[in-house]
Amino acid sequence: MLIKKPADIRPSEITPPALYAQRRAFIKGTAALAGTILLGPGPGHAADDDLKPTPYKDITSYNNFYEFGASKTDPAEHAGRLKTRPWTVTVEGHCEKPGQYALEDILAPHTAEERIYRLRCVEAWSMVVPWLGIPLGKILPRFQPTASAKYVEFTTLLDPAQMPGQKTRLLDWPYVEGLRMDEALHPLTLLATGLYGKELPNQNGAPLRLVVPWKYGFKSIKSIVKIRFSEQMPRTSWAGENPAEYGFYANVNPEVDHPRWSQRKERRVGEFFRRDTLPFNGYAAEVAGLYTGMDLHRFF
Ligand code: MTE
């Protein structure tokens, strides 16, 4: 699909989101005529309408990014002040190539791909986002994790001067998330650098955020500055804050209620009627095998 590094995309090349849907419809028609395979929606999708991208305006103005405040409009209002260049990512823990890597060096040999994924929040709303990113499984092996690397932990920038939410005790800062190694290396796991064909807006986690489409949105940690290979399961922010409500795995599971509400339905932002929530957010065929033999009521 769109094979460009965000840094290579000139403003003149940016597709206005309103034209985007038309362009995709056109590309689809053309691909069908030419008999080519369109990779766009990626695996795990149902009806076409199910993956109709949420408008750019909604994706970038209805956010969770507690570093900028707890209301949905705070990130768009306050994240503009975050300086995302230069940006360094520290790689540490059980690997042969730890170090401080410039953002450009992390991304350098790769080209960003477009992946249209659902994002399902534990608060029971969802969106469909045309992400630009690089599969994490292409990036992590370069740091040569050792046999002791069972998990990968990610940390968001800690800088209360730029992130006013960090002056409050909303969470135990910095924000931390983690994946088991096989989840991190799964081809659906993306290190996102953009959306709708352009660079990530700050409120969506610039310059680098995780996207794990079969898990609740809170696993998709934003503005990452550290990647750590660990032997033990990381203490993740939400599970650490409230272990009765948020587990380490956080797989989208309509069968397991959040203690304060059901997870059976969701409201797609911009739509009126609620939809059924799909197991693993619709990606069960690809990822259910990662959890064979696990009691998913216990490991929620
Ligand atoms: N990452 C950081 N650093 N801080 C946050 O508060 N919120 C999470 C996740 N990543 C969050 C974060 C939650 S709860 C959700 S639902 C998604 O980001 C929202 O992503 P979006 O705003 O791009 O839709």
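**Exercise 1. The shell around the ligand**

Task: Determine how the residues of the shell around the ligand divide into nonpolar, polar and charged, and state which side chains place an N or O atom at a listed distance from a ligand atom.

Solution: In this predicted model, the shell around the ligand is made up of seven nonpolar, six polar and three charged residues. The ligand is surrounded by 16 residues, and the closest of these are Asn63, Tyr66, Glu67, Arg209 and Lys222. Turning next to the atom pairs, the side chain of glutamate 67 has an N or O atom 2.8 Å from a nitrogen atom of the ligand, and the side chain of threonine 156 has an N or O atom 2.9 Å from a nitrogen atom of the ligand. An oxygen atom of the ligand, in turn, is 2.8 Å from an N or O atom in the side chain of arginine 209. As a last step, consider the surface: the ligand taken alone exposes 530 Å², of which the protein buries 98%.

**Exercise 2. The five-stranded sheet**

Task: Work out the order of the strands in the open sheet of five strands, and say whether the pairing is mixed; then find which strands form the edges.

Solution: Reading across the open sheet, the order is β2-β1-β10-β5-β6, and the pairing is mixed. The edges are formed by β2 (99-102) and β6 (176-180), each of which pairs on one side only. From one strand to the next, the twist averages 20°. Within this order, β5 (residues 151-156) pairs with β10 (residues 224-230) in the antiparallel sense over six bridges, and tyrosine 151 has serine 230 of β10 as its bridge partner. β5 also pairs with β6, again in the antiparallel sense, over five bridges, with glutamate 153 standing opposite glycine 178 in β6. The edge strand β6 is mostly covered, since five of its five residues are buried; Val176, Gly178 and Arg180 lie on one side, whereas Glu177 and Leu179 lie on the other.

**Exercise 3. The hairpin of β3 and β4**

Task: Establish which residues of β3 point one way and which the other way, and describe how β3 and β4 pair.

Solution: Begin with the general rule that side chains in a regular strand alternate between the two faces of the sheet. In β3, Glu113, Arg115, Tyr117 and Leu119 point one way, while Glu114, Ile116, Arg118 and Arg120 point the other way. Strand β3 (residues 113-120) is mostly covered, with eight of its eight residues buried. Its pairing with β4 (residues 125-135) is antiparallel and runs over eight bridges, and the bridge partner of tyrosine 117 in β4 is valine 129. The hairpin of these two strands has four residues between them, and alanine 124 takes a positive phi near 80° there.

**Exercise 4. Two residues compared with the cut-offs**

Task: Decide whether aspartate 50 and threonine 88 count as buried, partly exposed or exposed.

Solution: The cut-offs needed are under 20% relative accessible area for buried and over 50% for exposed, with partly exposed in between. Aspartate 50, located in the loop between α1 (17-34) and α2 (56-59), has a relative accessibility of 9% and therefore counts as buried. Its side chain is joined to that of arginine 118 by a polar contact of 2.6 Å. Threonine 88, found in strand β1 (residues 88-93), has a relative accessibility of 37%, so threonine 88 counts as partly exposed. Threonine 88 and leucine 103 are 15 residues apart in sequence, and their C-alpha atoms are 5.6 Å apart in space.

Definitions and conventions: Residues are numbered from 1 along each chain as its sequence is written. This is a predicted model: local features need pLDDT of at least 70, side-chain atom pairs count only at pLDDT 80 or more; totals for chains, interfaces and linings use all residues. Side-chain values use heavy atoms; hydrogens and water are left out. A residue is near a molecule or strand if one of its heavy atoms lies within 4 Å of it. A polar contact is a pair of N or O atoms within 3.5 Å; within protein, one must be able to donate a hydrogen and the other to accept it, and residues adjacent in sequence count only if both atoms are side-chain atoms. Accessible areas come from the Shrake-Rupley method with a 1.4 Å probe; for residues, only the protein chains shown count as cover. Ala, Val, Leu, Ile, Met, Phe, Trp, Tyr, Cys and Pro count as nonpolar, Asp, Glu, Lys and Arg as charged, and the others, Gly among them, as polar. Two strands pair if DSSP finds at least two bridges between them. Axes are lines fitted to C-alpha atoms, for helices over the stretch in contact, and angles run from 0 to 180 degrees between N-to-C directions. Buried means under 20% relative accessible area, exposed over 50%, partly exposed in between (1.4 Å probe, protein chains only).
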